[in-house]
Amino acid sequence: MTQKPAPAPSPQEKLKADISRAQSDLNSLQTSVRLTTIRDQVEDLHTTVGGLDQRVKDLRAKGYVFDKELESRAAALLQQWTPLQPTVINLANEQAARLDAEMRGIESLMMQLTSRSNNPSLAAPFLGQVQSAITTMENKVRSAESAVRGAYDQFQSNLTKVTAQLQRMEKMLAWFASASFTLGAAEYAVNAVEAVWAPNGKEDRDDPKGQLFLTDQRILFEQNQEIAKKKVLFITTEKEKVQKLLFEFPVVLVNDVTTSKQGFLKNEDHLDIRLDAGGPFPTCHLHIFNQPCEEWDALLGKVKGGELDADRVVAVSAEVLEKVKNAPAKCPTCGGTINKPVLRGQDTIKCDYCGSIIRL
């Protein structure tokens with residue numbers, strides 16, 4: 001049986017629905033003219049700026065010794081915000097007061113419309129005026145928000161850059177803290193990124209996933225993932241957590257780094273690291289996530305070239321540097337050549353030929 005279409009609403013019903021929508025829009029407008037969104041953003045900025053100093057201190061306490069300008073950038077943002085905050089709040093108050101005053105006229109029109117809700121012909125002109133006034137006021141609110149936001153958008157942009165860096169360093173240090181390996185006595189964290197290591201040189205679905213770590217002396221890859229332990233009809237029914245260090249080598253062994261953008265959209269970041277003799281393998285292919293491969297290429301160059309040492313908050317001790325400088329080139333027991341690089345903080349070297357332990 002064919003279903004009959006619903007009857008068209010009567011003029012009275014249509015007017016009631018239109019008035020209800022207009023009242024709902026007006027209620028929303030009464031909130032937005034107070035510039036609540038802007039005020040919340042300003043409050044969030046204030047909280048973020050006020051917490052910068054402690055966040056930097058926490059990074060230092062956890063062992064991040066690089067980017068010596070971090071403290072001064074945080075202090076500069078606080079210095080800029082101190083006079084800017086009251087200026088922004090005053091501007092928001094002025095704009096909100098002007099908008100609120102104009103709202104009185106719309107509310108008066110709404111009352112006149114509501115009082116004629118039983119007479120569609122008399123209400124129609126007022127409905128059009130209310131709808132037009134609400135649209136105009138919505139545009140004015142957006143303009144007011146834009147005007148206030150313009151007073152602090154550059155500051156917000158600068159703050160976002162610093163907080164993004166802090167978040168990245170905080171995440172990096174959390175990965176280092178939970179890693180299965182430990183840093184040397186004079187070794188410090190530089191960066192870390194989620195990555196896939198392709199031992200065969202080309203990424204495969206079964207390649208290990210985890211984190212690629214960079215210190216001021218070594219590159220390390222730790223597998224850190226859940227892998228299928230049992231499958232039934234190709235469906236994983238049991239998993240196990242695997243966390244283990246798969247490779248590590250001194251940065252000084254890096255001979256060359258090639259970056260590439262791969263994938264269908266060329267938005268995947270890949271690194272091919274070629275090593276000198278003495279490394280665990282000739283080349284190393286890595287797919288890294290959420291960090292540009294070009295940044296890693298530049299960072300590896302800075303670490304190998306010693307440029308990063310100029311950006312430390314605490315200099316490497318002369319005693320540590322002296323030990324590395326005076327490390328023997330040959331084993332005093334068998335005369336064999338010492339091929340492995342000596343890292344800062346090392347107290348001993350093991351001869352690959354006779355097994356002797358050489359104290360530095």
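This report walks through a few local features of a predicted model.

**The cores**

Start with the inside of the protein. The largest nonpolar core holds 84 residues. Those with the most contacts inside this core are Leu35, Leu212, Leu214, Ile219, Phe247, Phe249 and Ile273. Helix H3 gives the most to this core, with 14 residues. A second, separate core has six residues, including Ile338, Val342, Cys351 and Ile358.

Take Leu35 as an example from the largest core. Leaving aside neighbours within four places in sequence, Leu35 is in contact with Ala92, Gln95, Ala96 and Leu99, among others. Val141, Ala144, Glu145 and Val148 are also in contact with Leu35.

**Strand E7**

Strand E7 covers residues 283-288. Five of its six residues are buried, so the strand is largely enclosed by the rest of the structure. Which strands pair with E7? One is strand E1, residues 189-198. E1 and E7 pair in the antiparallel sense over four bridges. Within this strand, Ile288 is the bridge partner of Ala195. Strand E6, residues 268-275, also pairs with E7 in the antiparallel sense, over six bridges. Thr283 in E7 is the bridge partner of Arg274.

**Arg344**

Now move to a charged side chain. Arg344 sits in the loop between helix H7 (318-325) and strand E8 (348-350). Is Arg344 buried or exposed? Arg344 is buried, because its relative accessible area is 17%, and the limit for buried is under 20%. The side chain of Arg344 makes a polar contact of 2.6 Å with the side chain of Asp309. Asp309 also appears among the residues that Arg344 touches. Not counting residues up to four places away in sequence, the others are Ala186, Asp216, Gln217, Arg312, Val316, Val320, Leu321 and Val324.

**Cysteines without bonds**

A disulfide is a covalent bond between the sulfur atoms of two cysteines. How many disulfides are counted here? The count is zero. The test asks for two sulfur atoms within 2.5 Å. For Cys293, the closest cysteine sulfur is in Cys284, 14 Å away, so no bond can be assigned. For Cys351, the closest is in Cys334, at 3.6 Å, which is also too far for a bond. Both residues in the table are buried.

| Cysteine | Closest cysteine sulfur | Sulfur distance | Relative accessible area |
|---|---|---|---|
| Cys293 | Cys284 | 14 Å | 0% |
| Cys351 | Cys334 | 3.6 Å | 2% |

Cys351 has come up before: this residue belongs to the second core.

**Two positive phi angles**

Most residues other than glycine have a negative phi. Asp67 has a positive value, near 60 degrees, and is not a glycine. Asp67 lies in the loop between helix H2 (36-61) and helix H3 (70-115). H3 is the helix that gives the most residues to the largest core. Asp67 counts as buried, because its relative accessibility is 10%.

Asn290 also has a positive phi, of about 65 degrees, although this residue is not a glycine. Where does Asn290 lie? The place is the loop between E7 and helix H6 (293-305). Asn290 is exposed, with a relative accessible area of 72%. Asp67, in contrast, is buried.

Notes:
Residues are numbered from 1 along each chain as its sequence is written. This is a predicted model: local features need pLDDT of at least 70, side-chain atom pairs count only at pLDDT 80 or more; totals for chains, interfaces and linings use all residues. Side-chain values use heavy atoms; hydrogens and water are left out. Buried means under 20% relative accessible area, exposed over 50%, partly exposed in between (1.4 Å probe, protein chains only). A polar contact is a pair of N or O atoms within 3.5 Å; within protein, one must be able to donate a hydrogen and the other to accept it, and residues adjacent in sequence count only if both atoms are side-chain atoms. Contact means heavy atoms within 4.5 Å. Two strands pair if DSSP finds at least two bridges between them. A nonpolar core is a set of buried Ala, Val, Leu, Ile, Met, Phe, Trp, Tyr and Cys residues joined through side-chain atoms within 4.5 Å.
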